[in-house]
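This report describes the chain shown below, beginning with its domains and then turning to the ligand shell, selected helices and individual residues.

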Amino acid sequence: MNNGNPHIVIIGAGFAGLWAVRTLSGKNVQVTLIDKNNYHTFLPLLYQVGAAEIEPEGIAYPIRSLIRKYSNIKYLRSEVSDLDLDSKTLIANGRKISFDYCIIATGCTTNFFGIPGAESVCFKLKTLDDAVIIRNHILTCFERAAFCTGIERQNSLLTFTIVGGGPTGVEFAGALAELLYGPMRKDYPEYDINKARIVLIESSSRLLGMLPDALSSYTLKKLQSLGVEVMLETSVENITPMGVKIKEGATVESETILWCAGVKGPVEASGWRIPLAKDGRITVSEDLRIKDYENVYAAGDAAWFEFNGKPLPQTAPVAIQQGVMAAENILRQIKGSQTLPFRFVDKGAMVTIGRNSAVANFAGMKFKGFFAWIIWLVIHLTNLIGFRNKIIVLINWSIDYFLFERAVRLILPSCCNEPGFVSCLRRRRDKQ
Ligand SMILES: Cc1cc2nc3c(=O)[nH]c(=O)nc-3n(C[C@H](O)[C@H](O)[C@H](O)COP(=O)(O)OP(=O)(O)OC[C@H]3O[C@@H](n4cnc5c(N)ncnc54)[C@H](O)[C@@H]3O)c2cc1C
């Protein structure tokens, strides 16, 4: 596709990368979008895949379908293994690709903060693979507990621990509580489901630290009413396959530990000789360019953008707005105009807790309960990419809401049920 137009490479088809693509579509530039997966994932609903609420296909959309109407955009399925900003080249599928401009939008990765055992034992929730792995694992725990005669083993199989009381931890805990004490209660008459525990561990004194106190307190009460044991001001000392040892002395015996306690910059960036902030994100200047490299931008979760002395949060609105701005600044550069500084338009934050309850904070206005939940549903459904996906998710939500059922309770692929609990998917993930 060499037609003499400047060549822009975008690495990552998440929110930042896709919105950059949309901005550059139909312009006099040639764009290569590179992503290791051939689909875009709508991460805000990932926890619902993990909690067997919706199918993975409901929140993913094929990249080629998204770009096929744009003749100046090409997609390459590959993991970028090296990037050389000086020579303006990268390596993808073993091939060297040159570019005039580049946007790095590779997202972020889980931060285990060096807690012993956390990385090797815990499940994480960052990709569609992760969500399917955790879903299979949870369902497998129920099957194993149904066969298990030892009461201690049964208890540890039915104790689900979540580390981190931010939005992902809270949303997952709520969804899991509704799964356990709803459909699973009906499915497993073999044992007393009231013995199943969901433990949410948070090191600070409140949940959802980014929201006002009143909303944190509401969230705490709501989760507790759903049956979640919330342990605040509790720090994890180490993790073993049998449980979580907390600094205050106790151990939570649990064979399912989900780590939702933090993220850091993309792993590959550390090998790309790029200036990084202390959490591994790529340091960018006001116009989203990387210092000393006037044609290379970073956007979204991968970028460390400081505003008023603090980095912007790693959220979808930040990623979308930065993706658009990085693309617009490249178009300005091509025209010979000045790039513009990025200014984030903050529309607020919202988190769902469970049926009929969510919390939201829009420009200082606080909402909680049913009204916030309806806003949450509408916003997520309208922002989900693809008409078919919206319908699939709406059907699943309706079945869940009106029939108190979860439609997606298959352990699939079936090899995930193998003995020893090391599922094939998990081993595959570990090899990556
Ligand atoms: C479970 C969960 C729940 C969330 N809930 C919310 C929410 O409710 N509201 C909200 O605003 N935000 C939420 N977020 C955060 C939000 O999803 C992210 O901020 C947003 O996805 C960031 O977009 P991005 O484009 O920077 O990165 P991503 O969306 O992560 O996309 C990065 C892309 O880069 C690709 N990639 C990575 N490395 C390479 C490589 N080397 N080569 C090729 N491709 C590569 C990946 O495959 C991926 O497609 C949530 C995140 C998670 C994980």
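The domain assignment divides the chain into domain 1 (7-108 + 265-335) and domain 2 (118-263 + 348-431), and the description that follows rests on a predicted model.

**Domains and their contact**

The centres of domain 1 and domain 2, taken over C-alpha atoms, are separated by 29 Å. Across the boundary, 24 residues of domain 1 are in contact with 28 residues of domain 2. On the side of domain 1 that touches domain 2, β3 (39-41), α2 and β4 each supply at least two residues, and α2 gives the largest share, with five residues. By residue class, that side of domain 1 divides into 15 nonpolar, six polar and three charged residues.

**The shell around the ligand**

The ligand is surrounded by 34 residues, of which G12, G14, L43, G107 and G300 come nearest. The elements that give two or more residues to this shell are α1 (15-24), β2 (30-35), α2 (46-50), α7 (167-187) and α9 (316-335). Both domains take part, since the shell draws at least three residues from each of domain 1 and domain 2. In composition, the shell around the ligand divides into 18 nonpolar, ten polar and six charged residues.

F15 is found in helix α1, and it counts as buried because 29 C-beta neighbours lie inside 10 Å. Leaving aside residues up to four places away in sequence, F15 touches G300, A316, A319, I320 and G323. For F15 and G323, a separation of 308 residues in sequence goes with a C-alpha to C-alpha distance of 7.4 Å in space.

**Helices α5 and α11**

Helix α5 (residues 128-147) has 20 residues, which at 1.5 Å a residue should span 28 Å, and the 29 Å between its end C-alpha atoms agrees with this. Its buried residues are D130, A131, I133, I134, R135, N136, H137, I138, L139, C141, F142 and A145.

Helix α11 (residues 387-403) has 17 residues and reaches 24 Å from its first C-alpha to its last, close to the 24 Å expected at 1.5 Å a residue. In α11 the buried residues are N389, V393, N396 and D400. Seen down the axis of α11, these buried residues fall within an arc of 65°, so they line one face of the helix. An α-helix has 3.6 residues a turn, so residues three or four places apart point the same way. The buried residues of α11 pack against β4 (60-62) and α10 (370-383), whereas F387, R388, S398, Y401, F402 and L403, on the other side of α11, are exposed.

**Backbone features in the loops**

Most residues other than glycine have a negative phi, and most peptide bonds are trans. Several places in this chain depart from that pattern, and the table lists three residues with a positive phi.

| Residue | Place | Phi |
|---|---|---|
| F113 | loop between β10 (109-110) and α4 (118-121) | near 50° |
| D292 | loop between β21 (289-290) and β22 (293-298) | near 75° |
| F404 | just after α11 | about 55° |

F113 is partly exposed because 13 other C-beta atoms lie within 10 Å, while D292, with 11 C-beta neighbours inside 10 Å, counts as exposed. The peptide bond from L412 to P413 is cis, with omega near 5°, and P413 has its place in the loop between α11 and α12 (424-431).

**An exposed serine**

S205 is found in the loop between β13 (197-201) and α8 (213-226). Is S205 buried or exposed? With 10 C-beta neighbours inside 10 Å, S205 counts as exposed, because the limit for that class is 12 or fewer. Apart from residues up to four places away in sequence, S205 touches L232 and E233. S205 and Q224, for their part, are 19 residues apart in sequence and 15 Å apart in space, C-alpha to C-alpha.

Technical notes. Residues are numbered from 1 along each chain as its sequence is written. This is a predicted model: local features need pLDDT of at least 70, side-chain atom pairs count only at pLDDT 80 or more; totals for chains, interfaces and linings use all residues. Helices (H or I, at least four residues) and strands (E, at least two) are DSSP runs, numbered from the N terminus. The expected span of a helix is 1.5 Å times one less than its number of residues. A residue is buried if 20 or more other C-beta atoms lie within 10 Å of its own, exposed if 12 or fewer, and partly exposed in between; C-beta atoms are placed from the backbone. The arc is that of the directions from the helix axis to the C-beta atoms. Two residues are in contact if their C-beta atoms, placed from the backbone, lie within 7 Å. A residue is near a molecule or strand if its C-beta atom, placed from the backbone, lies within 6 Å of it. Ala, Val, Leu, Ile, Met, Phe, Trp, Tyr, Cys and Pro count as nonpolar, Asp, Glu, Lys and Arg as charged, and the others, Gly among them, as polar. Domain bounds come from an automatic or database domain assignment.
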